[in-house]
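Here are some quick notes to read alongside the model. Have a look at it first, then go through the points one by one.

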Amino acid sequence: MTRAEEVDAQLEAIYARIPDINCKGLCQDACGPITGGHRELIRLKRAGVTLLPVLAQVEALATGDYTCPALVDGRCSTYAVRPSVCRIWGAAEDLRCPFGCAPADGHLLTADEAHALIQAATKAGTPLASTIFTNRKET
């Protein structure tokens, strides 16, 4: 198994812990700005989508001129490889879908659970040089 396949398997295990919300595809106006971990961004790029840096996304959003580049005809063109932040939408208490998409069993992730899953996905496959800064303790 290659390193990329190992990291993809780690990501899939993390994603499996996020409840499925049976998306109705009505929330495209809420798409973005987004980011993801190193491997998540590579997967998006291989699917044909390159995200702007987050600051550029936020600046575009502030002017009303931002649409997630993965949206095609109002649907996510990279749904199978979307990053954890997109998967958490509608599945967490503090990221409820305004259109009623929710886990079938009604169990929403707590904010702490959602944050831990996003953090785990972000760290999966992160190059060593980046982990020096992301793993340091806050003072």
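1. Which side chains meet in a salt bridge at 3.9 Å, N to O? They are those of E6 and R3. Keep in mind that this is a predicted model. Both residues sit in helix α1, which covers residues 3–15, and being three residues apart they are separated by about one helical turn. As for cover, E6 is partly exposed, because its relative accessibility is 34%.

2. Now step back to the whole chain. The protein has six helices and two strands. Following the sequence, you pass through them in the pattern α-α-α-β-β-α-α-α, so the two strands come between three helices and three helices.

3. On overall dimensions, the C-alpha atoms fill a box of roughly 40 × 40 × 35 Å along the principal axes. The radius of gyration is 15 Å, which agrees with the value near 14 Å for a compact globule of 139 residues. Of those 139 residues, 33% count as buried.

4. Back to the charged pairs: the structure holds four salt bridges. One of them joins the side chains of D8 and R43, at 3.1 Å from N to O. This pair links distant parts of the chain, with D8 in helix α1 and R43 in helix α2 (residues 38–46), 35 residues apart. Are these two partners buried or exposed? Both D8 and R43 are buried.

5. R43 also forms a salt bridge with E12, where the closest N and O atoms are 3.0 Å apart. E12 lies in helix α1 and R43 in helix α2, so this pair ties together parts that are 31 residues apart in sequence. The cover of the partners is worth a look: E12 counts as partly exposed at 39% relative accessibility, while R43 is buried with a relative accessible area of 9%. That is under the 20% cut-off for buried.

6. These contacts belong together. Salt bridges that share partners join D8, E12, R39 and R43 into one network. If you click through the model, try showing those four side chains at once.

7. Finally, turn to the surface. Which residues gather there in a patch of negative charge? The patch is made up of E93, D94, D112 and E113. One of them, E93, is found in the loop between α4 (84–88) and α5 (111–123). E93 counts as partly exposed, because its relative accessibility is 42%.

Key. Residues are numbered from 1 along each chain as its sequence is written. This is a predicted model: local features need pLDDT of at least 70, side-chain atom pairs count only at pLDDT 80 or more; totals for chains, interfaces and linings use all residues. Side-chain values use heavy atoms; hydrogens and water are left out. Patches are made of residues with over 30% relative accessible area and no salt bridge: like charges are joined within 9 Å, nonpolar side chains (Val, Leu, Ile, Met, Phe, Trp, Tyr) within 5 Å. Accessible areas come from the Shrake-Rupley method with a 1.4 Å probe; for residues, only the protein chains shown count as cover. Lys and Arg count as positive and Asp and Glu as negative; His and the chain ends are not counted. The place of a charge is taken as NZ of Lys, CZ of Arg, CG of Asp or CD of Glu. Helices (H or I, at least four residues) and strands (E, at least two) are DSSP runs, numbered from the N terminus. Buried means under 20% relative accessible area, exposed over 50%, partly exposed in between (1.4 Å probe, protein chains only). The radius of gyration is taken over C-alpha atoms; the globule rule is 2.2 Å times the number of residues to the power 0.38.
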